[in-house]
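Let's look at this protein together and ask how each label it carries can be justified. Have the viewer open while you read.

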Amino acid sequence: MNRPNFVRSRFGILIQSLGKRETLYSKDAQRFFIPASNVKLFTTAAALKQLSPTFRIRTSVYGTFTPTGWRIRLVGRGDPSLTDAQLKELAQQLKRRGIRQITQLTIDDAYFDSDWFNGDWAVGDVQAAYGAPVNSTIVNQNALGLRLIPQALGQPLRVEWDEGRDRWEIENRSITVDRKAAEFIEVGRDLTRPILRVSGQLRVGSEPAPTAIAALNPAENFLQRFQTALNAEQITIAQSQILRQLTKLDGIEIARIDSPPVSDLVTESNVNSNNLYVEALLRTIGAQTPKAPGRTVLERGLFTMSEVLKPLGVDQTGFSLVDGSGLARQNLATPEAIVQVLQAMAQQPEGQVYRSSLAIAGVSGTLQNRFQNSPAKGIVQAKTGTLTGIAALSGYVNPPNYSPLVFSILVNQSPDAAFVQRGAIDEIVGLLARLRSC
């Protein structure tokens, strides 16, 4: 930390022995830092405690047969893992019931209320797939995939959607460059209209570059995808609508899909730092606690998360969060509070599931390409965090010649590139992996 290039960076560090909580090193451990995706450590801990590792999120289809035909209502409850494959399975379940025509198809998108976007997220983030809206009817992670394909020298890159997107207007300012030029691309979209904006450059003969943007209207996207699945099973739809307010359910459940257990959803959230998954989990907590204070499921989820962590010994003044993923810069946490969460969860019945949900240094997830030539490889399980000027890493270390450790390292207000910040963190963790008892 005393290197000249870090003179303007803020470091917050706490290193403790696991279980005994003996402090080996502390620097500004009780001061607030922006934790980036280390926020997920709080959210996933609360999800495992409040919902349980075996809890599953159900998507239900209710049906009422009337003289004019079937009235179908699909009720989404925020399953972030739902894909076209699950929509196909629902359509097949309806077909096996003998349903061939639907007079009224309703997509019920009211479970998570209508606040799809977090107002604290940056405008650039909500356009990207990693900042996709979080609603009750999620499909394909609410992202629209596409590829950018180089053409002849001087020509714009060709845009190829994974699925037909005829209604999208494309503003293409990209170009195909020669084989010696640098490559970079930037893809965004309008916030209110189906306008895709593409800029940057790829070399002649380069492989297509896959990318994705956030769905503009996730419920409408879900409706279109489900209609496609129904039509593929020769089920026709006379009328369709989207419901965005909670109303009384009628009919009987005639089809359903359950998500993987929360333990799997937590693993995807932490190992791959999946923002949508963890935001859906936080809202599920809020939806499951309707009497908690808060106007929205997000607010109720945040309140309940604090209440769940309080009896575990996590200092309530040590964190102030506005989302579940860490994408907002308004999130604040101390290294001490993060270590308290890690220490507490290690002692809980869900502790092994929690620890197993973290990326392994040099092996998996967001740490797969780090620590390759480090003594920390394979013996560190941790959660990464990255925003511009911010880097974080918190988790567990099992040094071969020392007792297990818990650590949190947060770097804020750094002018350095992300790889420089991570390099400093990785050197510190490498030292921990080499510790020996005196």
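Below are short questions and answers on this predicted model.

Q: What makes the protein chain as compact as a globular protein of its length?
A: Start with the make-up of the fold: 10 helices and 20 strands. The radius of gyration is 24 Å, close to the 22 Å that the globule rule gives for 438 residues, so the chain is as compact as a globular protein of that length. Along its principal axes, the C-alpha trace spans about 80 × 60 × 35 Å.

Q: How many residues of the protein chain count as buried, as a percentage?
A: A residue is buried when its relative accessible area is under 20%. Of the 438 residues, 54% count as buried. The accessible surface comes to about 19,300 Å², with 48% of that belonging to carbon and sulfur atoms.

Q: Which share of the contacts joins residues at least 24 apart?
A: Taking contacts between residues at least 6 apart in sequence, 69% join residues at least 24 apart.

Q: Why is the pair Arg 3 and Glu 427 called a salt bridge?
A: The cut-off is a side-chain nitrogen of Lys or Arg within 4 Å of a carboxyl oxygen of Asp or Glu. The closest N and O atoms of Arg 3 and Glu 427 are 2.9 Å apart, so the pair forms a salt bridge. Arg 3 lies in the segment before strand 1 (10–17) and Glu 427 in helix 10 (residues 418–433), so the pair ties together parts that are 424 residues apart in sequence. By this rule the count for the model comes to 21 salt bridges.

Q: Why are Arg 3 and Glu 427 called partly exposed?
A: Partly exposed covers the range between under 20% and over 50%. Arg 3 has a relative accessible area of 41%, so it is partly exposed. Glu 427 has 44%, so Glu 427 is partly exposed too.

Q: How do you know that Arg 73 and Asp 108 form a salt bridge, and are they buried or exposed?
A: Their closest N and O atoms are 2.7 Å apart, which is within 4 Å. The pair links distant parts of the chain, with Arg 73 in strand 4 (residues 69–75) and Asp 108 in strand 5 (residues 101–108), 35 residues apart. Arg 73 has 9% relative accessibility and therefore counts as buried. Asp 108 has a relative accessible area of 4%, so Asp 108 is buried as well.

Q: What makes Arg 203 and Glu 183 a salt bridge?
A: The N to O distance is 3.4 Å, so the pair meets the 4 Å cut-off. Arg 203 lies in strand 10 (residues 195–203) and Glu 183 in the loop between strand 8 (169–177) and strand 9 (184–189), so parts that are 20 residues apart in sequence are tied together. Another set of salt bridges shares partners, joining Glu 171, Arg 173, Asp 190, Arg 193 and Arg 197 into one network.

Q: Why is Pro 335 called buried, and what does it touch?
A: Pro 335 sits in helix 8 (residues 335–346). Its relative accessible area is 0%, which is under 20%, so Pro 335 is buried. Not counting residues up to four places away in sequence, Pro 335 touches residues including Gly 12, Asp 28, Phe 33 and Leu 410. The C-alpha atoms of Pro 335 and Gly 12 are separated by 6.2 Å, although the two residues are 323 apart along the chain.

Methods
Residues numbered from 1 in each chain as written. Predicted model: local features only at pLDDT ≥ 70, side-chain atom pairs only at ≥ 80, totals over all residues. Heavy atoms only, no water. Helix = DSSP H or I, 4+ residues; strand = E, 2+ residues; numbered from the N terminus. Rg over C-alpha atoms; globule rule 2.2 N^0.38 Å. Buried < 20%, exposed > 50% of the residue type's maximum accessible area, 1.4 Å probe, protein only. Contact = heavy atoms within 4.5 Å. Areas by Shrake-Rupley, 256 points an atom, 1.4 Å probe, with all protein chains shown as cover.
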